[in-house]
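Please examine the model shown below and follow the explanation with the sequence at hand.

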Amino acid sequence: EQSMSHKFKLGQSVRQLGILYIGNKSTVVDGLFEVVRLMPDDRSGEPCYRIKAAGLERAAREGELAPAS
């Protein structure tokens, strides 16, 4: 079930823009992900998602994502 506040749909390809911290080094992320789950809004009211790429699944806020096309 998709709330009206979510801009992206399940299965949609999105890019994540931002900095990902792995261990003690930061990596600029501009990767292609698939939306695998719509999550409730966070405390600030921003819709959240679970996104997945190459077997790696992580959480992302809507403001970190852009359509892939």
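Glu62 touches Ser5, His6, Lys7, Phe8, Glu46, Pro47 and Tyr49, when residues up to four places away in sequence are left aside. The model in which these contacts are found is a predicted one. Glu62 lies in the loop that runs between strand S4 and strand S5 (65–67). This residue is buried, yet Glu62 has no salt bridge. The nearest side chain of opposite charge belongs to Lys7, at 4.9 Å. A salt bridge requires the side-chain nitrogen to be within 4 Å of a carboxyl oxygen, so the pair Glu62 and Lys7 does not qualify.

Two of the residues that Glu62 touches, Phe8 and Tyr49, also belong to the largest nonpolar core. This core has nine residues: Phe8, Val14, Phe33, Val35, Leu38, Tyr49, Ile51, Ala60 and Leu65. At least two of them come from strand S2 (25–39), and at least two from strand S3 (48–53). S2 gives the most, with three residues.

Within the core, Val35 deserves attention. Apart from residues up to four places away in sequence, Val35 touches Phe8, Lys9, Leu10, Gly11, Gln12, Val14, Tyr49, Arg50 and Ile51. Several of these contacts, including Phe8, Val14, Tyr49 and Ile51, are themselves members of the core.

From Ile51 the reader may pass to the neighbouring strand pair. S3 pairs with S4 (residues 56–61) in the antiparallel sense, over six bridges. Ile51 has Arg58 of S4 as its bridge partner. The hairpin formed by S3 and S4 has two residues between the strands, and Ala54 there takes a positive phi near 50°.

Conventions. Residues are numbered from 1 along each chain as its sequence is written. This is a predicted model: local features need pLDDT of at least 70, side-chain atom pairs count only at pLDDT 80 or more; totals for chains, interfaces and linings use all residues. Side-chain values use heavy atoms; hydrogens and water are left out. A nonpolar core is a set of buried Ala, Val, Leu, Ile, Met, Phe, Trp, Tyr and Cys residues joined through side-chain atoms within 4.5 Å. Buried means under 20% relative accessible area, exposed over 50%, partly exposed in between (1.4 Å probe, protein chains only). Helices (H or I, at least four residues) and strands (E, at least two) are DSSP runs, numbered from the N terminus. Contact means heavy atoms within 4.5 Å. Two strands pair if DSSP finds at least two bridges between them. Lys and Arg count as positive and Asp and Glu as negative; His and the chain ends are not counted.
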